[in-house]
Amino acid sequence: MESRKIFYTLIYAALAAGMEMDDTEEYTRPQITNAGSKTFHWLASVIFLMLLPSFSACLTFGGKVYSSLFFQTISGVYCLLEAVFLRFPDGDGVENRTSRGTAWVLLMLLGTTLFTGAVYTGSNFLFRNDRIKAALSHISSNKLANLHKIMSFLCVVAGWVKICLAPVAMFGFCRGKHTGQCIAHGVMGSAFVLYGFLYAAVLVIPWLRNNESKYSQDFYDSCAMCLWGIVNTFTEHRWGREDWGHGDYQHTAMGIIWWSGGLVGMYLSRNGGRTFIPGLLIIFTGWAMSEHTQKLIISTKVHYLFGLVLMSGGALRIVEISFLLRDNRTDNKIHSFQYLPPFCLVCSGVLFMGANEEQLELVLRLGADYSAYSLVLISGAFMVFLWQLLCLDIYQRLLEQKEGPFLDRGNSEDSNIEFTLEDFRATEE
């Protein structure tokens, strides 16, 4: 009987610990003003500053330059209106400088992208000026095409930053001493989202999946992790200039394990071999993150979920390489299981982006708990992953398509441009 009482006591204690919540008496409910108009503005920005530039980038990489310029022009017009007239103000009517500055950076990027695309297609409007004609006559079409692709991709990245900063600006947090933590969560979380996109790209795009180059994907992953670890080791703490703190030990140790493990991964994946090291480093990173004790209980639990999902992504990656592919680079078909590792990386990135302290305090002020908030973040991760897969599918279909480009009025593919610089030079001569 005594042992049974002890057993039940332990069960009740575990349940009580699991139901432990933060004391929300000190938090007041946030005053949200103009919720309808702000929501409409944010949704419009998602469409015109992220989704449309993403579709334009797919067209650019797929060789449909005329079509991409059409949609980039629409995004540019909205971006101009957004930068000059529209705002994401908080309850006091103030928008932070970072959000406002990103709007202008995105406008400049879109303007430069449109100019590059217009030059590449040989726009008559630009070549009417003799000075512009002489300055551009020394630039090859291949360089312009590559530059236009790079600029198109940067527009997508800037649009992602702008969309992520909009809620931060509207709710008025991540200011003062909290800025550094918000930047760290935003950068690290976005890095995992991008990492998941790269995994998905290698999986979905045939010429990447069936690549037989000298180095495997694991080698490039190990190189990136090694470089990131070196940067993290020497930037998270100012060696010899300040005392060591709890956070310094955590982040510096994480940097050390990344570059040391990355070196092993580079060695094992030499000559095109596969290795488990990148997945193992992801597992260790997820475990370390799940053990980070935070000031708020909700923050500790969200960090734990983030670490759990990240560990799952690393473990699934090892299973894919070692047991599904049996150390081969690819298989004859894509297995449904192979979509799990990139999704886990994207999901963990979104969870980490939403785990900064002030954002979680906002959740408490709204009266929600960590489970509901986590489900919302995971739902966002599903939408982000769908967006990535759609972009990859559009790009793949454009590569497979030989005739009938979208919105080109019966012309052949945009890669056969009528007004390339070479053609213009030939007509001049």
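Q: Quick one to start: are Arg-274 and Asp-218 buried or exposed?
A: Both Arg-274 and Asp-218 are buried. Keep in mind that this is a predicted model.

Q: Do tell, what do the side chains of Arg-274 and Asp-218 form where they meet?
A: They form a salt bridge, at 2.5 Å from N to O. Arg-274 sits in the loop between helix H11 (246–268) and H12, while Asp-218 belongs to helix H10 (residues 217–235), so the pair ties together parts that are 56 residues apart in sequence.

Q: How many salt bridges turn up in the whole structure?
A: The search finds 5. Among them is one between Glu-320 and Arg-317, with the closest N and O atoms 3.1 Å apart.

Q: Where do Glu-320 and Arg-317 lie?
A: Both are in helix H13 (residues 297–324), 3 residues apart, or about one turn of the helix. Glu-320 and Arg-317 are also both buried.

Q: What else does Arg-317 do, ring-wise?
A: Arg-317 lies over the face of Tyr-199, 4.1 Å from the ring centre. You can see a similar arrangement with Arg-270, which lies over the face of Tyr-267 at 4.0 Å from the ring centre.

Q: Back to salt bridges: which residue does Asp-393 pair with?
A: Asp-393 pairs with Arg-397, and their closest N and O atoms are 2.9 Å apart. The two are 4 residues apart in helix H16 (residues 370–400), which means about one helical turn separates them.

Q: And is Arg-397 buried or exposed?
A: Arg-397 counts as exposed, at 55% relative accessibility. Asp-393 is partly exposed, with a relative accessible area of 30%.

Q: Which residues are linked in a salt-bridge network?
A: Glu-82, Arg-100 and Lys-162 are.

Q: Let's zoom out. How many helices and strands does the protein chain have?
A: There are 17 helices and 0 strands. The chain has 429 residues, and 45% of them are buried.

Q: What share of the contacts join residues at least 24 apart?
A: That would be 78%, counting contacts between residues at least 6 apart in sequence.

Q: What about the accessible surface, how much of it belongs to carbon and sulfur atoms?
A: Carbon and sulfur atoms take 64% of a total of about 23200 Å².

Q: Now H12. How many of its residues are buried?
A: 11 of the 14 are, so H12 is largely enclosed by the rest of the structure. Among the buried ones are Ile-277, Pro-278, Gly-279 and Leu-281.

Q: What span should H12 have, at 1.5 Å a residue?
A: Its 14 residues (277–290) should span 20 Å, and the end C-alpha atoms are 20 Å apart, so the two agree.

Q: Switching to aromatics: how many pairs are there?
A: The count is 12 aromatic pairs. One of them is Phe-70 with Phe-71, which is edge-to-face, with 5.2 Å between centres and 80 degrees between the planes.

Q: Is Phe-71 buried or exposed?
A: Phe-71 is buried, at a relative accessible area of 11%. Phe-70 counts as partly exposed, at 45%.

Q: How are the rings of Trp-160 and Trp-387 arranged?
A: Their centres are 6.0 Å apart and their planes at 5 degrees; planes under 30 degrees apart count as stacked, so this pair is stacked. The pair links distant parts of the chain, with Trp-160 in helix H7 (residues 141–171) and Trp-387 in helix H16, 227 residues apart. Both tryptophans, Trp-160 and Trp-387, are buried.

Q: Last one: which residues form an aromatic cluster with Phe-55?
A: Phe-70 and Phe-71 join Phe-55 in one cluster.

Note on methods:
Residues are numbered from 1 along each chain as its sequence is written. This is a predicted model: local features need pLDDT of at least 70, side-chain atom pairs count only at pLDDT 80 or more; totals for chains, interfaces and linings use all residues. Side-chain values use heavy atoms; hydrogens and water are left out. Buried means under 20% relative accessible area, exposed over 50%, partly exposed in between (1.4 Å probe, protein chains only). Contact means heavy atoms within 4.5 Å. Accessible areas come from the Shrake-Rupley method with a 1.4 Å probe; for residues, only the protein chains shown count as cover. The expected span of a helix is 1.5 Å times one less than its number of residues. A salt bridge is a side-chain nitrogen of Lys or Arg within 4 Å of a carboxyl oxygen of Asp or Glu. Rings of Phe, Tyr and Trp (its six-membered ring) pair if their centres lie within 6.5 Å; planes under 30 degrees apart count as stacked, over 60 as edge-to-face and the rest as tilted. A charge sits over a ring if NZ of Lys or CZ of Arg is within 6 Å of the ring centre and within 35 degrees of the ring normal.
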